[in-house]
Amino acid sequence: MSLSSVHGTLSSLKTCQTDIGTGMDTVTDVALDLVEAQDKDVTPTIKEMETMILECARLDTEINYFVDTVKQVTSEVTSQHPETMVNLSTKVREQFTERLARLADAALQNHPKVVAFKDSVQKSSSRANQSSAANSDDLDDEITVTQSQVNLTCPLTQVEMVNPVRNKKCNHHYDEEAILSLIRNKQKQKKSCRCPVVGCANSDVRQSDLVPDQLLRRKIQSQKRQGTRT
């Protein structure tokens with residue numbers, strides 16, 4: 001075993017994480033479709049989907065633990081002698097097992113995509129209930145106001161967002177890739193990351209503050225489909 005093969009394995013795991021994230025987004029989309037359909041009691045099905053999301057969150061977290069452990073241990077390796085690599089494997093296994101033992105179910109509830117799933121389903125359910133109680137004129141007015149209030153443009157890229165995330169502290173939205181890139185650059189400079197929205201007082205944006213906004217993502221995708229048809 002060599003360090004280059006280790007890095008190759010980590011790269012493959014990161015690809016798996018991307019697929020896991022895509023799967024979690026798909027489950028959330030299906031859940032929102034069911035809620036919006038309002039044709040029957042979907043609570044049991046939503047609960048099953050929440051269980052699926054939590055299982056994916058556990059797998060994603062375990063991969064993060066493993067990658068972090070490998071990086072930490074390999075950073076201590078100064079040579080690539082076979083004996084050293086054997087010790088490396090043992091050390092990684094021990095530390096990874098120790099971290100897994102401390103992984104609590106409660107921690108999975110704070111996974112960004114689990115939070116996004118629950119938040120999106122709750123908001124969609126609330127809107128669906130309001131829609132059924134409102135008359136069509138009031139509903140049209142509400143939709144018009146909502147569309148005018150939502151800014152689909154990322155304050156960093158100045159183009160329409162692809163994967164919008166919401167800042168839990170200031171409620172501003174950014175494209176995920178753009179804001180994470182900014183946070184990483186500021187960390188390298190040992191500086192805090194200020195919210196890029198003009199006038200915002202939030203001077204310390206952190207990755208843990210960001211939650212995927214599935215409803216806004218669906219809205220963006222819906223508008224793109226409508227634009228394609230026209």
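This is a guided tour of one protein structure, with a suggestion at each stop of what to select next.

The model is predicted, so local features are taken only where pLDDT is at least 70 and side-chain atom pairs only at pLDDT 80 or more, while totals for chains, interfaces and linings use all residues. Residues are numbered from 1 along each chain as its sequence is written, and side-chain values use heavy atoms, with hydrogens and water left out.

**Stop one: the aromatic rings**

Select F66 and F96, the one aromatic pair that a search of the whole structure finds. Their ring centres lie 5.3 Å apart and their planes stand at 85°, so the pair is edge-to-face. Rings of Phe, Tyr and Trp (its six-membered ring) count as a pair if their centres lie within 6.5 Å, and planes under 30 degrees apart are called stacked, over 60 edge-to-face and the rest tilted. F66 belongs to helix α2 (residues 43-74) and F96 to helix α3 (residues 82-101), and the pair links parts of the chain that are 30 residues apart. Helices here are DSSP runs of H or I with at least four residues, strands are runs of E with at least two, and both are numbered from the N terminus.

Are these two residues buried or exposed? F66 is partly exposed at 26% relative accessibility, whereas F96 is buried at 18%. Buried means under 20% relative accessible area, exposed means over 50%, and partly exposed lies in between (1.4 Å probe, protein chains only).

Now add Y65 and R99 to the selection: the charged end of R99 sits over the ring of Y65, 4.1 Å from its centre. A charge sits over a ring if NZ of Lys or CZ of Arg is within 6 Å of the ring centre and within 35 degrees of the ring normal.

**Stop two: a histidine in a loop**

Select H111 next, in the loop between α4 (105-108) and α5 (112-133). H111 is buried, with 11% relative accessibility. Leaving aside residues up to four places away in sequence, H111 touches M24, A57, D60 and T61, where contact means heavy atoms within 4.5 Å.

**Stop three: helix α7**

Move to residues 176-188, which form helix α7 and span 19 Å from the first C-alpha to the last, close to the 18 Å expected for 13 residues at 1.5 Å a residue. The expected span is 1.5 Å times one less than the number of residues. A178, I179, L180, L182 and I183 are buried in α7, and the buried residues of this helix pack against β1 (164-167), β2 (173-175) and β3 (210-212). After α7 comes K190, whose phi is positive, near 60°.

**Stop four: the salt bridges**

Side chains of opposite charge can pair when their charged atoms come close. A salt bridge is a side-chain nitrogen of Lys or Arg within 4 Å of a carboxyl oxygen of Asp or Glu, and by this rule the count comes to 12.

Select D29 and R217, whose side chains form a salt bridge at 3.0 Å, N to O. D29 is in helix α1 (residues 3-37) and R217 in helix α8 (residues 214-229), 188 residues apart, and both residues are buried. Adding R218 shows a salt bridge between R218 and D29 at 3.6 Å, N to O. If D33 and E36 are also selected, the view holds a network of salt bridges that links D29, D33, E36, R217 and R218.

Finish with D119 and R166, which meet in a salt bridge at 3.9 Å, N to O. D119 lies in helix α5 and R166 in strand β1, so the pair ties together parts 47 residues apart in sequence. D119 is partly exposed at 24%, while R166 is buried at 14%.
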